[in-house]
Amino acid sequence: IADLGERLALRVASERAVTAHAAHALRTPLAGMTAQLAVAMRECPPDMLPRLQRAREASERLGRVVAALLTLFRSGVEPCLQPCTLQSLIGGIPMDGLRVQVGGDAQPLMIDPDLMAAALMNILDNATRMGAQHVQMDVQRQDAVALVRISDDGPGVGAERLQALQSALAQQRYEAPIGLGLMLADLIARAHRGSLAVLSGGNGLPPVHGSSGFTVEIRLPQAAAAPPHRH
C-alpha cells in the first residue's frame, strides 16, 4: 500500500509539473501573437478587421486559460489567504463586453486573490462564450462560510446536462466533458478547502431571448484574518 501511495504521489507530481511547464512554454508565444494581431488590426483594411478581432479575442482567451493553469499548478504552494473584496477582484478581469454587477455582503473575503481571480475569470469567460450579456455576483455569509454566487443570463443547460455536471464535479471526474473553465474553478475552490456547485437559472436576472440562465456557487470557509503565508 505504501509503495502504491508513493507511485500515485509521483504520478500526480509529474502531471502537475508537465502542466505547469507546458503552460509556461505557451505564455510567451501567446503574448507575441496577441501583440502582432493588435498591430495587424491597426494596419488592415476595414473588411479584415472583424476577422482579426475574433482571432485576437481567441488568443486572449487562451492566454487567460494558460495564466490560470500557471497560477493553479504553482509547485508546492498553498493558497496565500488575505482579505480581498469581490469587487476588487472583478476590477482586474477583462469582461469582453459582459456587464457584471456585484452585490450582497461587501466585507472582504479571506482568499488567495490570484487563485480566486483565475477561477472567476474562467467562469466569466464561459458565460461570455455561451452568449450571456449580464452577470450578477453576490456574496452571502453563513456562519463561517462565504457563499459566492455567479449567475448569468445565458441559455443555461438542460436538466440532464446539469445533473451530469453536478455529478462530475462532486466526484472530481474531470475526464468527463465538464470544460476546462469549470474544472479549474472547482480545483481552486477545493484548494481553499471549499466546494463548487452548478445550478440552473439566472438568480433573478431578466431573461434574454428566452434564456434560462446558469449559476455557479462557490463555498469558501472563512478563517480569521492572518498574515499571508507560503509553504
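Colleague: Why does Arg 190 count as partly exposed?
Modeller: Its relative accessibility is 28%. Buried would need under 20%, and exposed over 50%. The value of 28% lies in between, so Arg 190 is partly exposed. Keep in mind that this is a predicted model.

Colleague: What makes Asp 186 and Arg 190 a salt bridge?
Modeller: Their side chains meet at 3.0 Å, N to O. The cut-off is 4 Å between a Lys or Arg nitrogen and a carboxyl oxygen of Asp or Glu. The distance is within that limit, so the pair qualifies.

Colleague: How do you know how far apart Asp 186 and Arg 190 sit along helix H6?
Modeller: They are four residues apart in H6, which means a separation of about one helical turn.

Colleague: And Asp 186 itself, buried or exposed?
Modeller: Buried, with a relative accessible area of 1%. The limit is under 20%, so the label follows.

Colleague: Which side chain meets that of Asp 105 in a salt bridge?
Modeller: That of Arg 141, at 3.2 Å, N to O. Asp 105 lies in the loop between strand S2 (99-104) and strand S3 (109-111), while Arg 141 is in strand S4 (residues 134-142), so the pair ties together parts 36 residues apart in sequence.

Colleague: Why are Asp 105 and Arg 141 labelled as they are for exposure?
Modeller: Asp 105 has 28% relative accessibility. Arg 141 has a relative accessible area of 31%. Partly exposed runs between the 20% and 50% limits, so that label fits Asp 105 and Arg 141.

Colleague: What joins Glu 217 to Arg 149?
Modeller: A salt bridge between their side chains, 2.9 Å from N to O. It links distant parts of the chain: Glu 217 is in strand S7, Arg 149 in strand S5, and they are 68 residues apart. Glu 217 is buried, as is Arg 149.

Colleague: How many salt bridges does a search of the whole structure find?
Modeller: Four. The Glu 217 pair is among them.

Colleague: Why is Gly 194 called buried?
Modeller: Its relative accessible area is 18%. Buried means under 20%, so Gly 194 meets the criterion. The residue lies in the loop between H6 and strand S6 (195-200).

Colleague: Which residues does Gly 194 touch, leaving out those up to four places away in sequence?
Modeller: Ala 189, Arg 219 and Pro 221. Gly 194 and Arg 219 are 25 residues apart in sequence, yet 5.2 Å apart in space, C-alpha to C-alpha.

Colleague: What is the volume of the second largest pocket?
Modeller: About 400 Å³. The residues closest to its centre, out of 23 in the lining, are Asn 126, Met 130, Val 157, Leu 182 and Phe 214.

Colleague: Which element supplies the largest share of that lining?
Modeller: H4, with five residues. Other elements giving at least two residues include strand S5 (145-152), helix H5 (159-170) and helix H6 (180-191).

Colleague: What classes make up the lining of that pocket?
Modeller: There are 14 nonpolar, six polar and three charged residues.

Colleague: How many helices and strands does the protein have?
Modeller: Six helices and seven strands. In sequence order the pattern is α-α-β-α-β-β-α-β-β-α-α-β-β.

Colleague: What share of the residues is buried?
Modeller: Of 231 residues, 41% are buried. The protein exposes about 12,600 Å², with 58% of it supplied by carbon and sulfur atoms.

Key
Residues are numbered from 1 along each chain as its sequence is written. This is a predicted model: local features need pLDDT of at least 70, side-chain atom pairs count only at pLDDT 80 or more; totals for chains, interfaces and linings use all residues. Side-chain values use heavy atoms; hydrogens and water are left out. On a 1 Å grid over the protein atoms alone, a cavity is a set of points where a 1.4 Å probe fits but cannot get out, and a pocket is an open set with protein on both sides within 12 Å along at least five of seven lines; lining residues have an atom within 4 Å of a point. Grid points are joined across faces, edges and corners, and a volume is the space filled by probe spheres set on the points. Ala, Val, Leu, Ile, Met, Phe, Trp, Tyr, Cys and Pro count as nonpolar, Asp, Glu, Lys and Arg as charged, and the others, Gly among them, as polar. Buried means under 20% relative accessible area, exposed over 50%, partly exposed in between (1.4 Å probe, protein chains only). Accessible areas come from the Shrake-Rupley method with a 1.4 Å probe; for residues, only the protein chains shown count as cover. Contact means heavy atoms within 4.5 Å.
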